[in-house]
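Colleague: I've got a model open on my screen and I'd like to talk through a few bits of it. Can you help me read it?

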Amino acid sequence: VGDPARRPQPLAPRSLPSHAPHMSADPAPLYAIAAELDRRAALLRARAWLIGTAPTRTRWSSAGARAWADGVARIRMLLLRSAEQVEHAAVQLRARAAEVCSWE
Amino acid sequence: MGVTVSGGAESIAAHTEDLVAVAQLFDRAAADAEDVLDYACSWAVRLIVESYGCLGAQLLEGALEEICGPWSLPRLAAGSLRDSAAGLRFAAMVYSSSDDDVFDAIGSQLGQLGHLFQATFVGAATAVGTRSPSAAAQAFLTSDPDVVDSAAGLLLFTGLEQAVGSRYPDGRPVVYDLGRDATETVAPHDLTDLVDQLAVRDDTLAGEVSVAFVIGADGRRRAIVDVPGTKSWSPGRTDDVTSLSTNARALVGSPTTYERGVLNAMTRAGVTSTDEVMLVGHSEGGMVAVTAARDAVRTGRFDVTHVVTAGSPIARSVGGVPESVRVLALENDADIVPTLDAAENPARPNVTTVQFDVDTGTVSGNHGLGTAYEAGAAETDASADPSVRAFTDSAEGFLDGSDEDTRVFLITRKY
């Protein structure tokens with residue numbers, strides 16, 4: 001997954017010149033994108049939960065049980081982190097939409 | 001290391017359909033992760049973002065950069081999920097197979113598909129302390145041989161035998177007398193010797209069996225018949241009687257051309273209905289030995305008194321063996337083949353199942369006579385278990401001779 005500290009950080013808000021005439025100032029399309037991202041992130045969380053309830057009738061040996069548990073835990077963690085990343089993007093998008101559309 | 005003796009194998013609680021079900025869950029989750037990627041990185045979203053001007057778009061794209069960029073966790077999750085799903089399906093396929101050749105092929109395929117297993121089962125590699133995907137995957141497979149339970153139930157007891165039988169007629173046996181085996185002249189004295197001699201026969205031609213006459217200490221002549229296992233895994237028409245169609249039939253206790261050939265060879269060797277007979281079989285050969293004993297005793301053709309099987313799934317057929325026949329089943333816990341019948345060996349006075357644990361780390365090694373079952377037989381010989389002792393005591397007449405006269409036969413199939 002990598003070190004989160006090394007990931008590119010979101011751009012800091014800045015002061016920008018006013019909109020040119022052809023530029024959109026309506027945040028609604030951006031909020032819609034953010035809402036769509038939230039919906040899909042929720043799906044990923046649901047998938048992670050479903051995988052946590054995966055059939056477990058197999059009576060594993062100790063080594064097999066470790067391998068299975070590690071594999072499922074890793075997959076669930078990836079899905080949950082994915083959902084977090086998508087939700088974070090939605091939050092960032094809403095914040096930046098408000099900023100961009102507030103430019104005079 | 002010791003042996004476990006029981007009237008039946010431990011209960012089996014593994015299900016390959018679970019592996020496939022989880023693979024489906026993984027695939028659906030991967031589709032959702034890919035869907036997020038497709039949406040966030042789509043032209044439609046980009047067009048909307050770019051409508052906010054150059055600087056606005058730059059700011060907005062930054063919000064989506066993590067999803068669409070090299071640090072995209074949905075992309076990583078989707079890839080891992082797809083790989084893991086493929087790995088689970090591959091594992092289910094492996095568990096579904098009783099095929100030595102398939103095992104060998106798997107060994108090479110695992111090398112190529114190792115990343116699939118690495119994706120989900122990194123823990124397996126860690127557990128066995130190796131970086132080799134092939135070794136790790138094989139260790140993973142061999143650590144849970146019981147998981148073939150449902151595969152056998154799904155594939156073998158839901159019509160495979162009927163399908164194989166209807167599509168590929170079993171044919172009729174043609175038996176060739178290959179003469180005496182000058183190398184097999186010393187009579188066996190314990191289970192280890194029996195398995196060792198079976199291993200010698202197993203290294204010969206497909207369909208080759210032997211009939212050895214031993215004069216016991218009581219002066220009585222007895223016959224020991226060695227029946228090796230599968231050499232051909234062709235499901236189609238083949239003159240090799242050890243082919244897959246024989247496995248499918250023998251597993252559920254149906255008579256086979258291989259069995260008829262064994263009985264024919266015994267007649268050709270001169271075994272009479274008054275000679276006590278011990279049948280010794282490995283894998284498929286053990287299944288054939290069980291059905292041959294059943295049919296020979298029922299018809300009165302031969303007096304089969306003992307059967308020794310090594311790595312044979314006989315739970316479905318051994319119940320039909322008359323009580324006068326004593327059966328000793330050697331089963332390596334790390335060998336997946338004895339579990340292919342998806343059932344426990346019945347707990348009967350004349351059926352003794354001896355379990356031991358020899359894990360070579362490979363599927364074929366755990367099933368091999370020389371690599372696993374000779375060691376298991378030696379452990380069994382050393383066991384003081386009363387059931388084991390009762391069996392070996394009853395087989396004393398087969399094991400207290402000094403010389404043996406071995407005749408070799410080749411059984412082929414004609415249609």
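Modeller: Sure, and keep in mind that this is a predicted model. A good place to start is helix 13 of chain B, where 13 of the 16 residues are buried, so the helix is largely enclosed by the rest of the structure.

Colleague: How far does helix 13 of chain B reach from its first C-alpha to its last?

Modeller: Helix 13 of chain B covers residues 284-299, which makes 16 residues. At 1.5 Å a residue you'd expect 22 Å, and the model comes close to that, with a reach of 22 Å.

Colleague: Which residue just after helix 13 of chain B takes a positive phi?

Modeller: Look just past the end of the helix, in chain B. The phi there is about 75°, and the residue is Gly300(B).

Colleague: How are helix 11 and helix 13 of chain B oriented to each other?

Modeller: Helix 11 spans residues 244-251 of chain B, and its axis lies 9 Å from that of helix 13 of chain B. The two pack at an angle of about 50°. That falls outside the ranges for roughly parallel, antiparallel and perpendicular, so helix 11 and helix 13 of chain B are oblique.

Colleague: Which residues of helix 13 of chain B make the contact with helix 11 of chain B?

Modeller: From helix 11 of chain B come Thr246(B), Asn247(B), Ala250(B) and Leu251(B). By class, the contact has four nonpolar, three polar and one charged residues. On the helix 13 side of chain B, the residues are Glu284(B), Met287(B), Val288(B) and Thr291(B).

Colleague: And what share of chain A is buried?

Modeller: Chain A has two helices and zero strands. Of its 104 residues, the buried share is 38%.

Key. Residues are numbered from 1 along each chain as its sequence is written. Chains are lettered from A and ligands numbered from 1 in the order in which they are written. This is a predicted model: local features need pLDDT of at least 70, side-chain atom pairs count only at pLDDT 80 or more; totals for chains, interfaces and linings use all residues. Side-chain values use heavy atoms; hydrogens and water are left out. Helices (H or I, at least four residues) and strands (E, at least two) are DSSP runs, numbered from the N terminus. The expected span of a helix is 1.5 Å times one less than its number of residues. Buried means under 20% relative accessible area, exposed over 50%, partly exposed in between (1.4 Å probe, protein chains only). Axes are lines fitted to C-alpha atoms, for helices over the stretch in contact, and angles run from 0 to 180 degrees between N-to-C directions. Angles under 35 degrees count as roughly parallel, over 145 as roughly antiparallel, 65 to 115 as roughly perpendicular and the rest as oblique. Contact means heavy atoms within 4.5 Å. Ala, Val, Leu, Ile, Met, Phe, Trp, Tyr, Cys and Pro count as nonpolar, Asp, Glu, Lys and Arg as charged, and the others, Gly among them, as polar.
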